[in-house]
Amino acid sequence: MITKIELKNVIPYRNGLIIDNLHKINYIYGANASGKTTLSHFLEQTDDEKYIDCSIEWENGIKIETNVYNKYFRENNFGKSSIPGVFTLGQATKEEKEIINKKNEELEEIKRNGIQKNATKKNLQEQKDNAISDFRENVWKTIFKKHEDVFSAAFDGFKGSKESFRKKICDEFRSNNSELISFEDLKTKAEVVFKKSPVTFEKIQPIEIDGVVSIEIDSIWNKKIIGKSDVEISKLINKLNISDWVHEGIKHIEKDSRVCPFCQKETIDDDFRVQVENFFDEGFVTDTTTIKSLSDSYFLKINNIITLLETIEAKEKQMPETKLNLALFSAYINTLRSQFESNSELISNKIKEPSRSIELKSSKEQLDMIIELINQTNQEIEKHNNLVFNIAKEKELLKKEIWKYLVEENKELIQTFIRKDCGLQKGIDNLEKQRQELLGKFRTLDTEIKDLNKKVTSVQPAVDEINKLLDTYGFTNFKIVPTKTDANQYLIQRDNGDNAQATLSEGEATFITLLYFLQFIKGGISPEKVNEKRVVVIDDPISSLDSNVLFVVSSLIKEIVKDIRKNEGNIQQIIVLTHNVYFQKELSNMYLLKECDHGKELNPYYWILRKKGNVTNIVYYNQDNPIKSSYELLWRELRENKDNINSSCLTIQNVMRRILETYFKTLGGYKDDDILNKFENPQEKEICRSLVYWINDGSHCIPDDLFVEQENEMIDKYMNVFHLIFDRLGHTNHYNMMMKTENM
């Protein structure tokens, strides 16, 4: 059954037309040129290119055959020398019909079961679609939006589509076996790998510390270096502890001079010189030389180390993305520099005073920390450089590691969705399997029915029925007969045997075409189609027919409607289009349909096509037939305007006058005085008289420029008097019926 029709980009439906809520019985009224034939032609020829933007929706998505009666049907079937025969079950035996009917019932049961399976499958699919939609929005918000700034490059190819991003998340969850890496490490790698132009870094030059440390721990620094003890002068020097003083002083004794550098008197003789030289013997000289040599080496090494470290510091500070921890590195240098300065001062004192014992502070620990920091930095540089050298490979690896982190971070969310999605899909697959099995049974049974139809169907019953109807309704000067060469083809023949097809009047051709169509929809042009379910569309079936035939046609169509209401026969739905108000009103007479009370939903539904300018629109009236008598329309207008504050007094005056004239004067034979005399109360009589005068004045005269619109209270007052007229004349029930109010 058709549930919805949409016409678009086709004349006269320029603004588009939607006919929704179609039911089993549908009557569509429209004046000539309002687009009825366009509508019926589309239903017949949906694959025509000019209807490319139009569409039809079918109940449960199941399309069935659509048979359309319109001018195209008449041209296609009665514009040739012969007419295709119509096969029906008219000559089948009772037993054969029962077998076919039973199989048709089985076929319908399979069809209903299939529809139910499909509906359940559709419901599961909707649940699946909703679950996918919710999950899609969730991962877009909690994963993509959250990490877009940091991992943007990993999302390339999935940024423009929430659905593709959802699928990617699910795929990665199922298949990603990459190593799980922390967010911070991924972020650091991403800053390098995903940069537009990554560059390599030069490693930091290593520093040598062995020479420095070995000098700092040399035992010479603890040794007290003094002169020879067995020399006579040594007793005095050692007693006074002036070895360093003497050693420094003798440097100032001039050669061959007897003047003492301390007292400036001539006290220096050869014996003193010999004793002093013997005191500062070879051992003393060796030790002091060693100290001097070590100190020179130490000062050179520490200066080189400090210079190298300062150079590294300055260079790394100039690099915007250095891998070195500059703050820590600078702190280490300052501490090392302080240690070196302290040791340098101690060494200088030792040189001046060899007899002093000193202990240098070891810089090994500080140097080790600097070396360790440099090594760590070089490792980071090496990792960075390896990333740069293998950038394409590393990019893909990093992307996998990022997706691995993302799915692990949202593992519970993804698992919940996948379990639900798999469960729903399993249900859908099972239902589809069952539906396909039913479809196989359906096709097998349908083939059996068609084979049975071939054995018992014939075109002759349709010939007999058409001729019977022609004779019944006075068309006796021609009939329809099978051709001599092909029993499955028809001819329209005069009584004298002549072919009447070319000489039929337009009315005769229309009537016989309609009779043929009514047989056609009960059977088919081939035996296989006799029992096919179908939708019937009838467009202007009384065109060119005499008025007396109107009742014949409406009666024939009503028989189809009765079968639809009783769910009998193969016609599932009917759509009737007409421009004749009398035909629609006759077709809508429900007294013929009351024999089969199958619920209000099987009563007709009504539409009117309204054309304004060159554009047609449609108005839906549900089950309220919009085609009514003029008298009924007057009452409807009165009902609609009595409580409307914007109602015109002129309109109400005219409506009241026409109702009173039609009902009491024309039909009842009452005069104005007859109406007035029914009011015994003088006051009520005056009100009635004023109403009659007001009605006549307002409906027959054109108000002058001084006319003042009556107050709403005045309109209400006269509406009450209008009611009293019916009451006083004994027609209250008629008033209540027409105003659709309950009897008081």
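**Note on the predicted model: F517 and its surroundings, then the rest**

1. Start at F517. Setting aside neighbours within four places in sequence, F517 is in contact with N67, V68, Y69, F73, V536, V537 and I538. This is a predicted model, and everything below should be read that way.

2. F517 is also one of the centres of the main core. The largest nonpolar core holds 43 residues, and F517, I557 and I574 have the most contacts inside it. Helix α17, residues 547-565, is the top contributor to this core, with nine residues. A second core stands separate from it: 31 residues, including I220, L294, L336 and I347.

3. Next, the aromatic pairs. Across the whole structure, the search finds 27 of them. One joins Y69 and F517: the ring centres are 5.4 Å apart and the planes stand at 55 degrees, so this pair is tilted. Y69 sits in strand β5 (residues 65-69) and F517 in helix α16 (residues 506-520), so the pair ties together parts 448 residues apart in sequence. Both partners are out of reach of the probe. Y69 has 0% relative accessibility and counts as buried. F517 also has 0% relative accessibility and is buried.4. A second pair is worth a look. F183 and Y405 form a tilted aromatic pair, 6.0 Å centre to centre, with 40 degrees between the planes. F183 belongs to helix α5 (residues 183-193) and Y405 to helix α13 (residues 391-409), so this pair ties together parts that are 222 residues apart in sequence. How is each partner placed, buried or partly exposed? F183, at 24% relative accessibility, counts as partly exposed. Y405 is buried, with a relative accessible area of 16%. The cut-off between the two classes is 20%.

5. Aromatic rings also form a cluster. Ring pairs link W140, F144, F155, F158, F165 and W403.

6. Helix α5 returns at a pocket. The second largest pocket has a volume of about 450 Å³. It is lined by 18 residues, and T188, K189, V192, K323 and E380 are the closest to its centre. Which helix gives the largest share of this lining? That is α5, with six residues. Both α5 and α12 (364-389) supply at least two residues each. By class, the lining of the second largest pocket has ten charged residues, four polar and four nonpolar.

7. Check the backbone early in the chain. I11 and P12 are joined by a cis peptide bond, with omega about 5 degrees. P12 is placed in the loop between β1 (2-7) and β2 (17-19).

8. Two asparagines have positive phi. For N21, phi is near 60 degrees, a positive value in a residue other than glycine. N21 is found in the loop between β2 and β3 (25-30). At 44% relative accessibility, N21 counts as partly exposed. N60 has a positive phi of about 60 degrees, though it is not a glycine either. The loop that holds N60 runs between β4 (55-58) and β5. N60 is partly exposed, with a relative accessible area of 39%. β5 is also the strand of Y69, the ring partner of F517.

9. Helix α1 deserves a separate point. Seven of the nine residues of α1 (residues 36-44) are buried, so this helix is largely enclosed by the rest of the structure. Which residues of α1 are buried? They are K36, T38, L39, S40, H41, F42 and L43. The list includes a lysine, K36, and a histidine, H41. I would look at both side chains in the model.

10. Last, the overall picture. The protein has 24 helices and twelve strands. Of its 744 residues, 42% count as buried. Among contacts with a separation of 6 or more, 74% are between residues 24 or more positions apart. The pairs Y69 with F517 and F183 with Y405 are examples of links between distant parts of the sequence, at 448 residues and 222 residues.

Terms used. Residues numbered from 1 in each chain as written. Predicted model: local features only at pLDDT ≥ 70, side-chain atom pairs only at ≥ 80, totals over all residues. Heavy atoms only, no water. Phe/Tyr/Trp six-rings, centres within 6.5 Å; stacked < 30°, edge-to-face > 60°. Helix = DSSP H or I, 4+ residues; strand = E, 2+ residues; numbered from the N terminus. Buried < 20%, exposed > 50% of the residue type's maximum accessible area, 1.4 Å probe, protein only. Core = buried A, V, L, I, M, F, W, Y, C linked by side-chain atoms within 4.5 Å. Contact = heavy atoms within 4.5 Å. 1 Å grid on protein atoms, 1.4 Å probe; cavity = no way out; pocket = protein on both sides within 12 Å on 5 of 7 lines; lining within 4 Å. Points joined across faces, edges and corners; volume = space filled by probe spheres on them. Nonpolar A, V, L, I, M, F, W, Y, C, P; charged D, E, K, R; others polar.
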